[in-house]
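Hi,

Here is the structure I promised to pass on. Have a look at it first, and my notes follow underneath.

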Amino acid sequence: MRVETSVTMERVIIIGSGPAGLTAAVYAARANLNPLVFAGGLYGGQLMLTTEVENFPGFPDGIMGPDLMIKFREQAERFGARIENVDVTSVDFSKRPFTVSTSEGSYQAKTVIVATGASARWLEIPGEEKLRGRGVSTCATCDGAFFRDKHIVVVGGGDSAMEEALFLTRFGSKVTVIHRRDHLRASKIMAERATSHEKIAFVWNTVVDEVLGDPVMTGLKLRNVETGETSEFAADALFIAIGHTPNTSIFQDQLDLDEAGYIVSPDGTSTSVDGIFVAGDVSDLRYKQAITAAGAGCKAAMDAEKHLEALEFAMRETATAR
Ligand code: NAP
């Protein structure tokens, strides 16, 4: 059966709806570019999976991540951004106009802003996949409440791990952080909060080799990386907070990516294809903050606007010369 696709020409398509994508949408909409945003089936990016955000300027008492993203979205829509909750399935950046396809059709655009963010990484160890949703999770906000009065383990030594561990103290009888080194990568304030919390214990220089239990998680197989000693550790839940992988699978053959899969951008907004811009965690190995992503979204939209101006001016000149 032949599937009919609609082809619509857009001036700017934005892929992604975290702080980068929705800030780009606010700026592009206010520049009268009438942006079309493909927000993904689960819009809002990583902040939809987090609890309180304390470091986004303008909210002195903090704000819940999902509430912040609702405000971003409302602000973009107020200025006319069209936001579709669908996933982009493929792109063709090899020729102009660029093509962006979703399950609902194909769209053509003069410029595209890629702001697809990053997703939580998994340990990729035996038992992990089988016990996902049965004790193993990457989202404390989503699954923490299932483990009231249970012993919960968090793996990782960064800010995310500390944030998850602190949040999980609301539910668990005890939270143990297992980290592969003997000191934390987390910022001082988060590390101090976690290390001084009475419900949180630390196991250092240790990795998880296997998740145990059937049909639900009952424990972990641990290995001390210094001594090589292995042991079994009884616990009811495992929350994995070991960083993120950029969401770039649909751009593999379309844009230059670095070894870790991040989109290469020499100046923070441009990519290897003229007219395709990038913003946020999908090209940011270093900062990965909501505020830096929002700033990048602003820059990408301003650069896309400049690019369009030049493109449309050149097209008018050519038309007049004919
Ligand atoms: P991250 O800073 O990259 O930390 C990842 C942690 O996981 C590291 O401690 C790393 O160990 C460990 N790890 C990585 N792979 C592992 C593996 N296979 N097995 C065991 N452990 C592994 O990632 P993040 O914590 O998600 O933070 C990302 C960025 O977001 C950072 O810039 C952070 O500051 C920011 N962030 C900020 C906040 C906040 O301010 N409230 C909250 C969340 C995130 P090593 O230390 O040995 O490398």
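The largest cavity takes lining residues from both domain 1 (8–119 + 244–321) and domain 2 (122–240), so this cavity lies between the two; the domain bounds come from an automatic or database domain assignment. Before you read on: this is a predicted model, where local features need pLDDT of at least 70 and side-chain atom pairs count only at pLDDT 80 or more, while totals for chains, interfaces and linings use all residues. Residues are numbered from 1 along each chain as its sequence is written, and side-chain values use heavy atoms, with hydrogens and water left out.

Back to the cavity. On a 1 Å grid over the protein atoms alone, a cavity is a set of points where a 1.4 Å probe fits but cannot get out, and lining residues have an atom within 4 Å of a point. The structure holds one cavity of 30 Å³ or more, and about 30 Å³ of space lies in the largest one (volume being the space filled by probe spheres set on the points, which are joined across faces, edges and corners). Its lining is made up of Leu49, Thr50, Thr51, Thr141, Glu163, Glu164 and Phe167.

Which helix gives the largest share of that lining? Helix H4 (residues 159–168) does, with three residues; helices here are DSSP runs (H or I, at least four residues) and strands are too (E, at least two), numbered from the N terminus.

H4 is largely enclosed by the rest of the structure, because seven of its 10 residues are buried (under 20% relative accessible area, 1.4 Å probe, protein chains only). Among the buried ones are Glu164 and Phe167, which also line the cavity. The buried residues of H4 pack against several elements, including helix H3 (140–143), helix H5 (188–195) and strand S17 (237–240).

Now for Thr102, in strand S7 (residues 98–102). Thr102 is buried, at a relative accessible area of 7%. Leaving aside residues up to four places away in sequence, Thr102 touches Phe38, Val86, Asp87, Val88, Thr89 and Tyr107 (contact meaning heavy atoms within 4.5 Å).

Last, the second largest pocket, a pocket being an open set with protein on both sides within 12 Å along at least five of seven lines. About 270 Å³ of space lies in this pocket. Its lining has 17 residues, and Gly268, Gly280, Ser283, Asp284 and Ala296 lie nearest its centre.

Cheers

Technical notes:
Buried means under 20% relative accessible area, exposed over 50%, partly exposed in between (1.4 Å probe, protein chains only).
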